[in-house]
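Do you have your viewer ready? Let's take a short walk through this structure together, with the cysteines as our guide.

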Amino acid sequence: EEPKQSPLFDCPVGRIVAANARLDIGVTETDEKNYGGKPGGGELPPGVPGRIDEMLAACGLDNQAQVRATGEGYYWCAAAVASWWKKAGLQLPPAPQLCRSWESWGKARGLFSSTPKVGAAILYGTAGSANHMGIVSSVHEDGSFTTIEGNASGKRYTSNGDGCYLKTPRPGSYIGFIIPPTCK
């Protein structure tokens, strides 16, 4: 059972972002090649476009062209976040498929925070060089929180995983958060 959510960390549009992301939990890559992904969860047969390709299209990228050219699609963690924010009507940074773009955009607009809010983008890596991200799905009364991350691993942290998973980040494992503009 999910721990009780704290109202201190709530964000109305963030709840919409989190609801959008929950629909993609369980989407997995075709042959761990950064493409495909069955809507609602699961893997598609080789060569079949899917949810991951839709996420990248929300960033203006033709993932299937990338697959045809190289045999593998683009990394898609930031594209997942972009698709969830875009569906909620939120503004995206330039080059929303890049974690570094989210970090610099959020800092330049005063949206960067060390405190999570529901729907916020969580950034991993080192300051100035974010290399993975997801969204905060809930923040609990004790301050712990859960995330939903695309291109993640179902187990340990990795900047290039194989699916969309619910995670519980360890304290100190992340750089910070980009708060939805209407919730800062």
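This tour of a predicted model goes from one cysteine to the next.

**Stop 1: the linked pair.** Select cysteine 11 and cysteine 183 and show their side chains. Their sulfur atoms lie 1.8 Å apart and form a disulfide. A search of the whole structure finds one such link. Now trace the chain from each end of the bond: cysteine 11 sits in the segment before helix H1 (12-22), while cysteine 183 belongs to the segment after strand E6 (176-178). The two are 172 residues apart, so the disulfide, a pair of sulfur atoms within 2.5 Å, joins distant parts of the chain.

**Stop 2: the twist of the link.** Stay on this pair and look along the S-S bond. The angle about the bond is 70°, and the link of cysteine 11 and cysteine 183 is right-handed.

**Stop 3: the surroundings of the pair.** Turn on the surface. Are these two cysteines buried or exposed? Cysteine 11 counts as buried because its relative accessibility is 0%. Cysteine 183 also counts as buried, at 10% relative accessibility.

**Stop 4: cysteine 77.** Select this residue next, together with cysteine 99. Why is there no bond from cysteine 77 to cysteine 99? The closest cysteine sulfur to that of cysteine 77 is in cysteine 99, but at 3.6 Å it is too far for a bond. Cysteine 77 is buried, with a relative accessible area of 4%.

**Stop 5: cysteine 59.** Finish here. The closest cysteine sulfur to that of cysteine 59 is in cysteine 77, 10 Å away, which is too far for a bond. Cysteine 59 is buried as well, with a relative accessible area of 12%.

Definitions and conventions: Residues numbered from 1 in each chain as written. Predicted model: local features only at pLDDT ≥ 70, side-chain atom pairs only at ≥ 80, totals over all residues. Heavy atoms only, no water. Helix = DSSP H or I, 4+ residues; strand = E, 2+ residues; numbered from the N terminus. Buried < 20%, exposed > 50% of the residue type's maximum accessible area, 1.4 Å probe, protein only.
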